[in-house]
Structure formats: C-alpha cells, structure tokens
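Work through the exercises below with the sequence and the model open side by side. Each task is followed by a solution that goes step by step.

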Amino acid sequence: MAERVYLFDTTLRDGAQTSGVDFSVADKRAMAIALDKLGIDYVEGGWPGANPTDDAFFGDAPTLKRAKFTAFGMTRRPGRSVGNDPGLAALVNSGAPVVTLVGKSWDFHVDVALNIPREENIAMIGDSIAHLVSLGREAIYDAEHFFDGYKANPAYALACLKAAQDAGARWTVLCDTNGGTLPHEVARIVREVTAHFPGETLGIHAHNDTENAVANSLAAVEAGVRQVQGTINGLGERCGNANLISVIPSLMLKMGFDTGLPVEDLRHLTGLSHLLDERLNRAPFKHAAYVGASAFAHKGGLHVSAVEKDPRTYEHIPPETVGNRRRILVSDQAGRSNVISRCRDLGIEVPPETSKIDALVDLVKSREFDGYSYDGADASFELLARRLFGEVPDYFTVTSFRVLDERRWNALGKLVTLSEATIRVTVGDKQEMTVADGNGPVNALDAALRKALIPLYPSLDDIHLTDYKVRILSPQDGTKAVTRVMIESQKANGERWTTVGVSPNIIDASFNALHDVICFALLKFGG
Ligand SMILES: CC(=O)SCCNC(=O)CCNC(=O)[C@H](O)C(C)(C)COP(=O)(O)OP(=O)(O)OC[C@H]1O[C@@H](n2cnc3c(N)ncnc32)[C@H](O)[C@@H]1OP(=O)(O)O
Ligand SMILES: CC(=O)C(=O)O
C-alpha cells in the first residue's frame, strides 16, 4: 500500500508574506474552502493577533469539512511565562484546533536575532508546545532555519527538535527558511535526522531561493519526512515556497505516495491555481508546470507531428489528469501537422488538397516573418485560414481612413489632445463616410468604424475591446520601428477573442487588428 504523506498549505500565511500580495478576509475564506474541497490536510489561515485581517478571518473561521484549520504564531517571548504571553494567548483564543509555532533552531539566530542564552530558546520551544498541548491543541513546531542550523551546529538543531517532540508536538517541520539548501543536502540531512526521530513526525518547509523548493520537498519525502508544507502557485516570502500545485501530482503520479486525494481529484489543480490568480487579480503564469497554458502546448513541427500519432511522445502525463488541456500552436516553428490540428480544433474543415495546407503553412511563416504572431491570436489565424479557403465573405471594404491628433489649450485654459477619425466604408453598393472623436487615435478609429458598420450589422453593438497591447518589434529602428498590436475583444455573452495587426505605423497596425476584430465577430455571430 502507498505510504501516506500529509499536505500542509500555507498560502494564507507564508503566501501572505509575498511582495504584492494582500489578501482580504473574503479571499482567505474562498481559498480555505477551495483547499478543503481539494482535500488538503492542514490549511494554515494566518497569524491571529498579528493584523486585523487575520483576527477577522479567525474570528469568523470557515467551517472546513476535512482540513484541519491551523493558526500560526511564534514561541513565547524570552523571559515571559506561557500564561503571560499575549502572542500565545491570541493563538489559543483563535479557537483553531491546530497551532503551528515557529521557533529558532540555528544557534546563530538565537545569538543574533533573539540575543538570548541558547538554553532559553530551547525552553521557549518546549514550554510553548507543552502549553498548547495541555490546552488540547494539536501542536506543530516549524524549526526555522533548520538546515542552516544543522550545518552549523547539528547537536543544537537536534536539541531544538527534541524539545518540541518531548513537549508533545505532532510534527516537527524542518524549514529551509533562507532557501539556500540544495536537494542533495536536504536528502542527506533528512536521512541523518530520521536516525533520531521517526519520519512520521517530520515535515519539510522549503523556500525557493535557488529554484529548488519543489525538488527539496520531494527529496525530503524520499528521505523520510511525511508532511510537506507549501503554497498554491508557490507564493511566499521572497522567492516563494514549494509550489503545492507541482508537489502534489509529483508525489502521487511520479513517486507513488498517497496524499489522501483520489487521483481523479488532481483534475481540480488547474482550477485551484487559477482561482488564486483571480483572487489576486493576476494573469495565470503560462509556463507553470502541470497547470500553465503552455504546459501541454506544442509548437515545434516535429513535436506536433509525433503528438498527433501518440501524445505520450511529448507529454509526461495526460493533461486532463491535472485539469489542463493540450494546445497545438501555429507559428513559424509549425509544420503541416500543427496547421491541420489547429484547424481541426477551431472547427475549420481542412480541404483535401495538400496544396492548400502547404499554402497556409507558407502564409503563416511569411506573416510571422513580417512580425505577426498567431500563437496568442487565434481569431486572426482562423480568419487567415478561412480567407485562404474562400470561406470569409466580403463584409465591408474600408476604402480610406484619416486620423487627426490635435494638441491645444481649450477654452478653460487646459492642455488637451483631441483625436478625430474619418473613415470611408463600402458595404455592397452602399458607401458610408463617418467621423468620430476618441480619447486617442485608435479609439477614434474604432468609433468611426463602428459608427459606419453598426447600422448595417447591429450585432457589432455589444462588442468591447478588453485589452490592447503594443509591442515594438525592431527597437533598433527607434520611432520608425515595426509595431505589433494585439487586441482582445469580448461580446456581451462573454466570448473573447484575440486579433493581431502589424505595421511600422502604429495606427495602421491597430487598424489591421481592429479590422480582424470586426470580421471575426461577423463571421462568428452574423450581422
Ligand atoms: C520564517 C517566517 O516566515 S516566520 C513568519 C514571519 N511572519 C511575520 O513576521 C508576519 C507577521 N508578523 C507581524 O505582524 C509582527 O512581526 C508581529 C505582530 C508578529 C510582531 O510584531 P512586533 O512585536 O512589533 O515585533 P517585530 O516584528 O518588530 O520583531 C519580532 C520580535 O519577535 C522576536 N522573535 C522572533 N522570533 C521569535 C520566536 N521564534 N519566538 C519568540 N520571539 C521571537 C524577535 O526577537 C523580535 O523581538 P524584539 O521586538 O524584542 O526585537
Ligand atoms: C516557518 C517559516 O515560514 C520558515 O521558516 O520559512
């Protein structure tokens, strides 16, 4: 039977120490519930007594069905009794059934950061853990800087662990607080520690300062620890903590451990990772292992050709196992297989003549050479393919446009820049000329184009531009540089699509991308 490894999530505590992260009580509640639903064993909610958010969160703690809700804090202050320590009192009063206490285990830290006798630190650990245990709490000792401490003074580091274990700690967790320990050192030290304490009482808490937090956590489990601490998406102080989104499937699928989660539930990992990004208002990291949009995205022609035959040729696991999906990209690295597969995904019927596919591959490559990028602009790729296959009607022709920008002092004595666009459009035998203002040249052009087209194609009325990105492709050319514009649009029904335009003239590049926005909308949603 597979051995059990316990999962401890500290997204809401160490994750809250990430620069730029500021959880609200509602964020904490949503994440705690999601972590519980996944089946994490311990959910550390924060540090009661440290700030009003954590006080409010613990004051009205979510009811977790499976996970043990955990409070975090530190050992008693030097020179105080446990019964007279406001920090410990806040932890006890939080009502959390489990309390994690951070305490020193590196003699250097005891000397420098606490500046107290080394025996007093050991007493602080033992007294504080015993106090919690006497009050019926499950107590966990996070041995801060354990690996650095063990390298400097193994006897002292082990004595700190012993104090916690003797006092009744359920777990003593070996922390690589500065994140500088490498996997071979973690493996060696954990093996040595398991000669003194059973692995079933030991945990690992790894920081990512050498990009090894996940590797260190897996090495520690391999060497004997049975609890892994980490965060969703690797949040945490400085470079972050071990990313549980990678740790969990690696433990289960690659190392054969039981984490208490059924393998089928790994499919929730991608959603959980995205939920955190949404709460933090961050774009998901495309290249994240297992759950990123690129984790199973195939670009090279040789890869796609083989993946089409059997995905195992270039995929370490089936993407669906973790709730992800395969993506076939089309770019200048593509061959026929990419293009055929992409067309199929987009519901484009692939013509039987290989010459048409070859023509599409050549067209994609030559447009990418000019600066287009179809990797992230599916709508422009679909239009390119369907145009080549003769499937896109001539909805409208823009015979000319003109954009004027004027910077002047207005009647109120304020400096303003005004934009105005004039556009001439032919639709069938009708000709339209419209003029519109905008808060910039692209906005004015967009407004003028819609003004001309909406009376003829009312379905365009509920389309909004949700993102507009400009990239300079030849910075060495200074202001003459070629620019690439990507526009993301959304219809009121929530559908989103991205188009691309390229030109040395930024207005022209924007117009090309806008033109595709409108053509794609007409193709998909009709007039
Ligand atoms: C490795 C880790 O990530 S541990 C978690 C770190 N997380 C945080 O610090 C976030 C939350 N922290 C806070 O809000 C605040 O630091 C508080 C409320 C906990 C404490 O605030 P303050 O009382 O103002 O103390 P401050 O933060 O300046 O310094 C920490 C104090 O704790 C002492 N201390 C540090 N570790 C320990 C420990 N394990 N046991 C007892 N005391 C400790 C320090 O020596 C220092 O004491 P001093 O004030 O006498 O110099
Ligand atoms: C406890 C903790 O966060 C650390 O030692 O890194």
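In sorting residues by class, Ala, Val, Leu, Ile, Met, Phe, Trp, Tyr, Cys and Pro count as nonpolar, Asp, Glu, Lys and Arg as charged, and the others, Gly among them, as polar. This is a predicted model, in which local features need pLDDT of at least 70 and side-chain atom pairs count only at pLDDT 80 or more, while totals for chains, interfaces and linings use all residues. Residues are numbered from 1 along each chain as its sequence is written, and chains are lettered from A and ligands numbered from 1 in the order in which they are written.

**Exercise 1. Describe the shells around ligand 1 and ligand 2.**

Step 1. Take as near any residue whose C-beta atom, placed from the backbone, lies within 6 Å of the molecule; ligand 1 is then surrounded by 16 residues, the closest being Ala50, Met74, Thr75, Val102 and Gly103.

Step 2. Sort that shell by class, which gives seven nonpolar, five polar and four charged residues.

Step 3. Assign the shell to elements, where helices (H or I, at least four residues) and strands (E, at least two) are DSSP runs numbered from the N terminus. Both β4 (98-104) and α4 (107-114) supply at least two residues, and β4 gives the most, with three.

Step 4. Turn to ligand 2, around which lie Asp14, Val102, Asp142, Glu144, Cys175, Thr177, His205 and His207; by class, this shell has two nonpolar, three polar and three charged residues.

**Exercise 2. Trace the barrel and the helices that lie on it.**

Step 1. Count strands as paired if DSSP finds at least two bridges between them; eight strands with parallel pairing then form a closed barrel in the order β1-β2-β3-β4-β5-β6-β7-β8. Direction ignored, its neighbouring strands are turned by 25° against each other on average.

Step 2. Examine one pair: β2 (residues 42-46) and β3 (residues 68-74) run parallel over four bridges, and Val43 has Phe69 in β3 as its bridge partner.

Step 3. Add the helices, with axes as lines fitted to C-alpha atoms, for helices over the stretch in contact, and angles from 0 to 180 degrees between N-to-C directions. Helix α9 (residues 213-223) packs on the sheet, touching β6 (171-176), β7 (202-206) and β8 (227-230), at about 170° to the direction of β7, whereas α5 (residues 118-134) lies across β4 and β5 (138-144), running at about 175° to β4.

**Exercise 3. How do the axes of α1 and α11 cross, and which residues make the contact?**

Step 1. The axes of α1 (residues 25-38) and α11 (residues 269-279) come within 11 Å and cross at roughly 180°.

Step 2. Angles over 145 degrees count as roughly antiparallel, under 35 as roughly parallel, 65 to 115 as roughly perpendicular and the rest as oblique; α1 and α11 are therefore roughly antiparallel.

Step 3. With contact meaning C-beta atoms, placed from the backbone, within 7 Å, α1 contributes Asp27, Ala30, Met31, Ala34 and Leu38, and α11 contributes Leu272, Leu275, Leu276 and Arg279.

**Exercise 4. Analyse the open sheet.**

Step 1. Three strands with antiparallel pairing stand in the order β11-β12-β13. Because β11 (397-409) and β13 at the edges each have a single partner strand, one side of each is left without a neighbour in the sheet.

Step 2. β12 (residues 415-427) and β13 (residues 430-438) pair over nine bridges; Thr426 stands opposite Gln431, and Glu420 has Asp437 as its bridge partner.

Step 3. In their hairpin, with two residues between the strands, Gly428 takes a positive phi near 60°.

Methods. Two residues are in contact if their C-beta atoms, placed from the backbone, lie within 7 Å.
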